[in-house]
Amino acid sequence: MAEAPFGLLAELTHRCPLQCGYCSNPVELVRRDAELSTEDWRRVFDQARSLGALQIHLSGGEPLLRPDLPELVTHANSLGCYVNLVTSGVGLSRERLRDLAARGVDHVQLSLQDATREGNDRIAGIKAFDRKVQAAAFVRDEDLPLTVNTVLHRQNLDNVAGIIAMAEEMGAERLELANTQYYGWALRNRAVLLPTRDQLAAADPVVAAAQERLRGRMEIVYVIADYHEAHPKPCMYGWGARQLTVAPNGDVLPCPAATVISTLKIENVREKSLHDIWHDSPSFNAFRGFEWMRYPCRSCPRKEIDFGGCRCQAFQLTGDAAATDPVCSLSPARSTVDLILETEMAPPEVPAMAMRKMP
Amino acid sequence: MISAVALDAVPRIRRGVKCTYDQIRSAHVVLFPEGVLVLNETAASVVSLCDGVRSVGDIALVLGDEYDGVEPADIASLVARLVERRVVDVDG
């Protein structure tokens, strides 16, 4: 039997006031009338805890848009879970945060799009910067730990020092600097987002120096730009290994992007229990362990480090979800990634960013 | 790199870190942003004594009454690993 998961990523809604062109939600967003009910979510949390999950990440979209968020926080906390609120900060008043903290939010993750008001609001598509700064102050006043999350790409990578300074000013204990991963909206906008080699080379020492300078005060987690690397990322630390995602409509996903693998039959919490889905479903068992691997992964000593990379990326770039992640230098399809880099890192005409919007 | 922790250092559980017992795994666990540590019996005892008052040396003495063969250096290295995982802070 598979080991129990540690965390549940609960995407309560795909609705969001922000329109970031790299949104990790799928391009086909779930509409409000298809969202799970409060009762459904309570049952999902119960089942996740019984299955072994100890962390519940309340995410979206923007979870603050769910009127039942306070009740869901209370419920997650009553199960003994660590409750993480993942928010844009838009709509997070002092009163709402105080109530959520009293109900058991343990930690807040706040997105920041760029170092300055102008840059932040251009990427977010709305005026959000001032509200984020304010939200961070409220989090600090409630004495909750704060992580700031910034997605890096061609439009903001040059400002990484400013982003780090901003996170410090906001009082963050952790800063996640995650280079864009190309799924969903980010895949659509790849030619606007892919950073150049020079940008990455300039950012690397800035991040490394800040990690050293801030040691013990603010932890900086840096997620690599995998197209530019020779080895793939250890995606999800293995398929169906540590965490599961429940989408707003109840779809249960081995990774948040898994809907891109159109050959995968996705199960739903309205029809089956999380226990059955985690342990017995074809979707969760499809790429568990090492047996599904082919060469070069199968015989590769790195398979226990990177688990063959990302299944979604393999599917998107090769059409085969069981292929080696094509960013790997050992993949027969690496030339596909190199061609993308050559044509999209500095395209002669940069297309306009397709902003994330619900139809 | 794991830096050494002195015997007179005083460890405390960091803000935002939750220690609890998981009936599903029948183990003490530490929950923190983006992470879970499943503790063995010794580690659970050490974590429960990281109260911001006792030093590493004090913790070793307390555990020495309870278990055989407790080495202060082993407690110090366990606390160092907890510092590295950002579960505890040390003063002093």
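1. In this predicted model, helix H2 of chain A is followed by A:Gly80, a residue with a positive phi near 90 degrees. Within H2(A) itself, the buried residues are A:Leu69, A:Pro70, A:Leu72, A:Val73, A:His75 and A:Ala76. The cover over these buried positions includes helix H1 (38-51), strand E2, strand E3 and helix H3 (94-103), likewise elements of chain A.

2. The loop that lies between strand E2 (55-59) and helix H2 (69-78) of chain A contains A:Gly61, and a reviewer may wish to look at the backbone there, since the peptide bond joining A:Gly60 and A:Gly61 is cis, with omega at about 5 degrees. A cis peptide bond is also found from A:Tyr295 to A:Pro296, where omega is near 10 degrees; A:Pro296 has its place in the loop between helix H11 (282-285) and helix H12 (303-306) of chain A.

3. The sheet of chain A is open and has 10 strands with mixed pairing, their order being E7-E6-E5-E4-E3-E2-E1-E8-E9-E10. Its edges are formed by strand E7 (219-223) and strand E10 (267-268), and each of these has a single partner strand, so that one side of each is left without a neighbour in the sheet. As a general matter, the strands of a sheet pair through backbone hydrogen bonds, in either the parallel or the antiparallel sense. The parallel sense is seen for strand E3 (residues 82-87) and strand E4 (residues 107-111) of chain A, which pair over 4 bridges; here A:Asn84 has A:His107 in E4(A) as its bridge partner.

4. Which residues of chain A other than glycine have a positive phi? One of them is A:Tyr237, with phi near 50 degrees, which lies in the loop between E7 and strand E8 (243-246) of chain A and counts as partly exposed at 45% relative accessibility. Another is A:Phe307, whose phi is about 55 degrees; A:Phe307 is found in the loop between H12 and helix H13 (311-318) of chain A and, at a relative accessibility of 21%, counts as partly exposed. The value for A:Phe307 should be read with the cut-off in mind, because buried means under 20% relative accessible area.

5. Is A:Gln19 buried or exposed? With a relative accessible area of 18%, A:Gln19 is buried, although its position is in a loop, the one between strand E1 (7-11) and H1 of chain A. Setting aside residues up to four places away in sequence, A:Gln19 touches A:Ile123, A:Ala124, A:Gly125 and A:Ile126, and also A:Met355, A:Arg356 and A:Lys357.

6. A further loop position to consider is A:Asp320, located between H13 and helix H14 (334-344) of chain A and partly exposed, with a relative accessible area of 26%. When neighbours within four places in sequence are left aside, A:Asp320 is in contact with A:Arg294, A:Ala314 and A:Phe315. The C-alpha atom of A:Asp320 is separated by 9.1 Å from that of A:Thr263, a residue 57 places away along the chain.

7. Turning to chain B, its secondary structure comprises 3 helices and 5 strands, which follow one another along the sequence in the pattern β-β-β-β-α-α-α-β. The radius of gyration of chain B is 13 Å, close to the 12 Å given by the globule rule for 92 residues, so chain B is as compact as a globular protein of that length. Taken along the principal axes, the box filled by the C-alpha atoms of chain B is roughly 35 × 25 × 25 Å.

8. In chain B, strand E2 (residues 18-22) and strand E3 (residues 27-32) run antiparallel and are joined by 5 bridges, with B:Asp22 standing opposite B:Ala27 in E3(B). These two strands form a hairpin with 4 residues between them, and B:Ser26 in the turn has a positive phi of about 50 degrees.

9. Some chain-wide values for chain B complete the note. Of its 92 residues, 41% are buried, and among contacts between residues at least 6 apart in sequence, 56% join residues at least 24 apart. Chain B exposes about 4,900 Å², of which carbon and sulfur atoms supply 50%. Chain B carries 9 positive and 14 negative charges, and the mean positions of the two sets are 12 Å apart.

How values were computed: Residues are numbered from 1 along each chain as its sequence is written. Chains are lettered from A and ligands numbered from 1 in the order in which they are written. This is a predicted model: local features need pLDDT of at least 70, side-chain atom pairs count only at pLDDT 80 or more; totals for chains, interfaces and linings use all residues. Side-chain values use heavy atoms; hydrogens and water are left out. The radius of gyration is taken over C-alpha atoms; the globule rule is 2.2 Å times the number of residues to the power 0.38. Buried means under 20% relative accessible area, exposed over 50%, partly exposed in between (1.4 Å probe, protein chains only). Contact means heavy atoms within 4.5 Å. Accessible areas come from the Shrake-Rupley method with a 1.4 Å probe; for residues, only the protein chains shown count as cover. Lys and Arg count as positive and Asp and Glu as negative; His and the chain ends are not counted. The place of a charge is taken as NZ of Lys, CZ of Arg, CG of Asp or CD of Glu. Two strands pair if DSSP finds at least two bridges between them.
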